[in-house]
Amino acid sequence: MSLDEFFVTGDPLIFASQIAIGLTMVGLIALITYLKRWKWLWSEWFTTVDHKKIGIMYILSGVLMFFRGGVDGLLMKAQTSRPELGLLDAQHYDEIFTTHGVIMILFMAMPMLIGIMNVVVPLQIGARDVAFPKLNAFSFWIFFAGAMLFNLSFVIGGSPDAGWTSYFPLAGKEFTPGVGNNYYALSLQIAGIGTLATGINFVVTIIKMRAPGLSWMKLPIFTWSTFITSIIIVAAFPILTIALLYMTLDRLFGTHFFTVAAGGDPMLWLNLFWLWGHPEVYIVVLPAFGMFSEVIATFARKNLYGYKSMVYAVAGIAFLSMLVWVHHFYTMGNSAAVNSIFSLTTMMIAIPTGVKIFNWLFTLRKGRIEFSTAMLWSLAFIPCFTIGGVTGVMLAMAAADYQYHNTMFLVAHFHYVLIPGVVFAVFAALYYWWPKMFGFKLNEKIGKWHFWLFVIGFNMTFMPMFFVGLDGMSRRMYTYAESTGWGAWLGFSAVGSLVMAAGFAALCYNIYWSFRYASRDVGNDPWNARTLEWATASPAPHYNFAVVPEVETLDDFWYKKKKGKTGLKKADLKPVHMPSNSWTPIVLAAAFGLVGFFLVFEWFPLAIISAIGIVVGLVANTFDYDDGYHIPVEELEEEEREWRGDLQ
Amino acid sequence: MTSHTTPLEYQSEQTQMNILGFWVFLGAEIVLFSTLFASYFVLEHNTAGGPAGQDIFILKDVLIETFILLTSSFTSGLAIHSMRNHDKKGLLIWMIVTLLLGAGFLYMEINEFIHYVHEGATIQTSGFTAAFFTLLGTHGAHVTFGIIWISLLLVQLVRRGITVKTSSKLFIASLYWHFLDVVWIFIFTFVYLKGMVM
Ligand code: HEM
Ligand SMILES: [Cu+2]
C-alpha cells in the first residue's frame, strides 16, 4: 500500500484536521515536557488504580468524544440544511453518520456513564475501591485504546461507512473494500473487552463490598441501576464479541458467515447485532435513570417515591430488554406471528418505564423543590423523554412500522430517548457530583445558560425531524430535492443544532470558569444530600472513608445528619489497606491497540510481534504478588482533621 | 468469618471476590459459547457444495479426544483434592497430568483439523465450515490458553507453596478447566453426534 492510500488524502476538511491533530499532539507533548509533568502524569494518572481518578479519565474521554461526535452531527445538519447542498458528498456523509453513531453510543455515552459509576458507586456503598482495582484501570485503558483506534480511521486509512449498525452484505468486503470497516470491527472488539470487565467488576463490587448494614433494599437507587446494568453488560457483550469476530473473519480471512453465495446468512449479523444492541440501549439508559432518581430525591427534599417499585421496574426493564431485538427489522421478512410477539414484548417495556416516570412525578409532588441546574436537567428530562417513549410505542407496532421504518421519524425518536435519557442525565450528574470529584461546584448561572440553550436547541433540532420523517424522508439521505418541501423544516433544525452547540460551549466555558474562580469552600455536603458518598470529604480522599460507615436505613446519611451522628472518633481509626499502582493495564492496552491497528491493515507479522506485548503484560500480571500498602492512622487523622470539625 | 472448615482459597476477602468474579466471568463465557452454538445451528446445513459434517467427521478420533478431555477434568479435580489436603506434591503431579492430557487433546484436535483441510473443508469453504471451525477453534484456543496459564501457576506454586493466594488461583484455573470440559460435551453431542446422525 502506498503512502497516499495510507493517509486519507484529497479532502480539504480532512487535510485540515490532519494538520490540526498533528500540531495538537506536538503541542501537547511539548507542553507536558516544558512543565515537567511526565512523571506526575505517569504516577498519578496513567498507572493509577483509584476508582475516582479512573472515573475522571473516563469522563474526560467522554467529553472529548462528545465533541467529536457533535461535530459530526453538526456537519450532517449543515449538509441537509438546504436542498441539494454540496458541502459533503454521499460517501463523506455515509462516513460521518457512521462515526457519529458509533462514537456517540460506544465512545461517548458508555464512558460518561461508566465514569460516573466509577466515581460514585464505591462511595455510595461505603467501599474503599472496586473489587478489582487493577482490572478497572485495564478496563479504562483498553476502552481508550479502542476509542483512539476508531478515531484514527478518519485520518489514516479511511472511516467506516456502513452505518453504526454495519449491516451485511453492505459491510462485507465486496461492497466496502477499504479498511474503514476493519476499524469498526477491531476497535469495537477492543473497547468491548473493557466494558465486559467493568460489568464483572461492578457485579462483584456491589455484591461483596457493601458497608455493614447496607442490605439490598437499602441500596441507593443509582447503585441498584449500576448493578443491573452490569448484569446486562455481562449477558449482552459476549454476543457482540462473537458478532465482531465473525465480521473480522469474513473481512480479513475470507470466511462466509454473512455472504449468501457460500452459504452464509446476513440475517445472522442482524440478529446478533441487535441481540446485543437492544440491551445496549438499556445499558446506557438505566444508569441514567438512577442518576435522575438521586438528583430528584435530593432536590425535592423527599425520599424517592416507590423505592421498591423503582427497583423492580429496573429489573423488569432489564429482563424485557433481552426479548425485543426483532423490532429493529420488522420489515425484513419475519412472519406475522413473530412480528406480533415482538410488538408485544416491546410495548410491555413501556409499563415499567411508565412506573418510573410516575414515581419521579410523585417524588416531586409536594416536595420543596430547589431548582438547581442538576434538578433542571432532571425536570426537563421527564417531558422530553416521554416524547421519545411515546414515539417508541408508535414504532413498536409492527404494522405501523412499515411506514416509519428507517425514516427520519426513527432518527428523531431515538435522539429523543438518547439525548434526554443519557446526555441530560450525564449533565445532571456532572453538576451534582462535580464537588465530589473536584471540591468545588460548577457555576450555577453559566449552568442555567448551558441548560436553556441545550434544551431549546435540542427540541428545535429534533422536533422537525419527526415531521419530515412522517412526510417520507428516509434516514441516511445525504441530500434531497427542493420539491420535497423539507428545506424549511431542516433549515430550522440546523439552526437548532447550532443553539445546542452553543449550550455545549457554555458547559466547556463553565468548566473553565469554575476551575479558575469557583469557591473552594463548599464543605463535604454542598447539596444537603441523602446518600453515603456525601458523608466523606469533597473531593473524596484517596481512601474514601477513614472508618467504614455502618448503615441502618435507606438514605442513611440524611437521617444521621438529622440525629447529628456524622462524627468520627479518633479511637475508631485503623490503618487502611490500599492497592498499589500498576503499569500493566496501560501497557497491555497499548499492545492491544497496536495489534488492532496492524490487523486493520492486515499486516499480520507486525500484529503478531505486537501480540508479544500482550503476552508479556499478562505474564507479568500473573506473577505480580503486590499486596498493596497501608495508610497509617496518623495520616488518616491529619487528612480527616482538615475537613471535619468533629474529630473527637 | 473464616472457620476451620473454610477451604484455604476462600480465606481472604480478596480471594473470595476473585472466585466470585470468575464465576461471573464464566457466565459471560456461557453467553459467548451459546452465541457460537446458535450461529452453528443456523449455518450447519449451509454447505454450499462443500463437504457436510458426516462426510468428514471421524467418530473414533473424536471419541478419543472426548475421553482424554474428560479424564483431564477428573485429574484436575484430583489436583484440587490434593490441594485441600495441603499435599503440594499431589497437587503438582495431578495438575501436570491434567496439562499433558490437555496437550494430547490439542494434538489430536490439530490433526483432526489438518485432516479436514485435506478433505477440502477449510474455514473458507462454506457457512458450515466457518461456524464449525470458529466454534471448535474458540474452544481449542481456550484450552491452549489454559495450558499456558496453569503452567505459569505451577511455577508460582513451586516457588511459594500452597498459600491462600496460590490456592485460589489454582482453584479458579480448575473451574476454568471444568468449564471447557462442559463446553466440549456440548460440542461432542450437538456438533459431532448430531452431525453424524442427521
Ligand atoms: C449533539 C447533537 C446531535 C446531533 C446534531 C445529531 C444529529 C444526527 C444526525 C443528523 C444523524 C443522521 C441522520 C441521518 O441522516 O440518517 C444522526 C444519527 C445518529 N445519531 Fe445523532 N445527533 C446528536 C447526538 C446524538 C447522541 C447524543 C447520540 C447517542 C447517544 C446519537 C446517536 C445517533 C445514532 C446511533 C445515529 C444513527 C447513525 C446511523 O445511521 O448509523 N446522536 N444524528
Ligand atoms: Cu431495540
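This section describes the overall build of chain A, its copper site, and selected backbone and packing details. The structure is a predicted model.

Chain A contains 21 helices and 2 strands. Its C-alpha atoms occupy a box of roughly 75 × 60 × 45 Å along the principal axes. The radius of gyration is 25 Å. A compact globule of 648 residues would have a value near 26 Å, so the chain agrees with that expectation. Of the 648 residues, 60% count as buried. Contacts reach across the sequence. Among those between residues at least 6 apart, 82% join residues at least 24 apart.

The surface of chain A was also characterised. About 25000 Å² is exposed, and carbon and sulfur atoms supply 69% of this area. The charged side chains comprise 41 positive and 42 negative groups. The centres of the two sets lie 12 Å apart.

The copper ion (ligand 2) takes its protein donors from three histidines of chain A. These are His278(A) through ND1, His327(A) through NE2 and His328(A) through NE2. The donors lie 1.6 to 2.0 Å from the ion. In sequence, the donor residues follow the spacing H-x48-H-H. The site thereby links distant parts of the chain: His278(A) and His328(A) are 50 residues apart. His278(A) sits in helix α9, which spans residues 266-300. His328(A) belongs to the loop between α10 (307-321) and α11 (336-348). His278(A) has a relative accessibility of 7%. This value is under the 20% cut-off, so His278(A) counts as buried.

Several backbone features stand out from the general pattern. Most peptide bonds are trans, and most residues other than glycine have a negative phi. The bond from Phe168(A) to Pro169(A) is cis, with omega near 5°. Pro169(A) lies in the loop between α6 (133-152) and α7 (180-208). A cis peptide bond also joins Ser538(A) and Pro539(A), where omega is about -10°. Pro539(A) is placed in the loop between α17 (487-517) and α18 (556-562).

The loop between α17 and α18 also holds Asp555(A). Asp555(A) is not a glycine, yet its phi is positive, at about 55°. The relative accessible area of Asp555(A) is 12%, so this residue is buried. Glu602(A) likewise has a positive phi, of about 60°, although it is not a glycine. Glu602(A) is found in the loop between α19 (584-600) and α20 (604-622). Its relative accessibility is 26%. Glu602(A) therefore counts as partly exposed, since that class runs from 20% to 50%.

Val204(A) illustrates packing in helix α7. Its relative accessibility is 0%, so Val204(A) counts as buried. Residues up to four places away in sequence were set aside when its contacts were listed. Within chain A, Val204(A) touches Ala131(A), Phe132(A) and Met209(A). From chain B, Met17(B), Leu20(B), Gly21(B) and Val24(B) touch Val204(A). The neighbours of this buried residue thus include residues of both chains. The C-alpha atom of Val204(A) is separated by 33 Å from that of Leu379(A). These two residues are 175 places apart along the chain.

Key:
Residues numbered from 1 in each chain as written. Chains lettered and ligands numbered in written order. Predicted model: local features only at pLDDT ≥ 70, side-chain atom pairs only at ≥ 80, totals over all residues. Heavy atoms only, no water. Donors = N, O, S within 2.8 Å, 3.2 Å for Na, K, Ca; no water. Helix = DSSP H or I, 4+ residues; strand = E, 2+ residues; numbered from the N terminus. Buried < 20%, exposed > 50% of the residue type's maximum accessible area, 1.4 Å probe, protein only. Rg over C-alpha atoms; globule rule 2.2 N^0.38 Å. Contact = heavy atoms within 4.5 Å. Areas by Shrake-Rupley, 256 points an atom, 1.4 Å probe, with all protein chains shown as cover. Lys, Arg positive; Asp, Glu negative; His and termini not counted. Charge placed at Lys NZ, Arg CZ, Asp CG, Glu CD.
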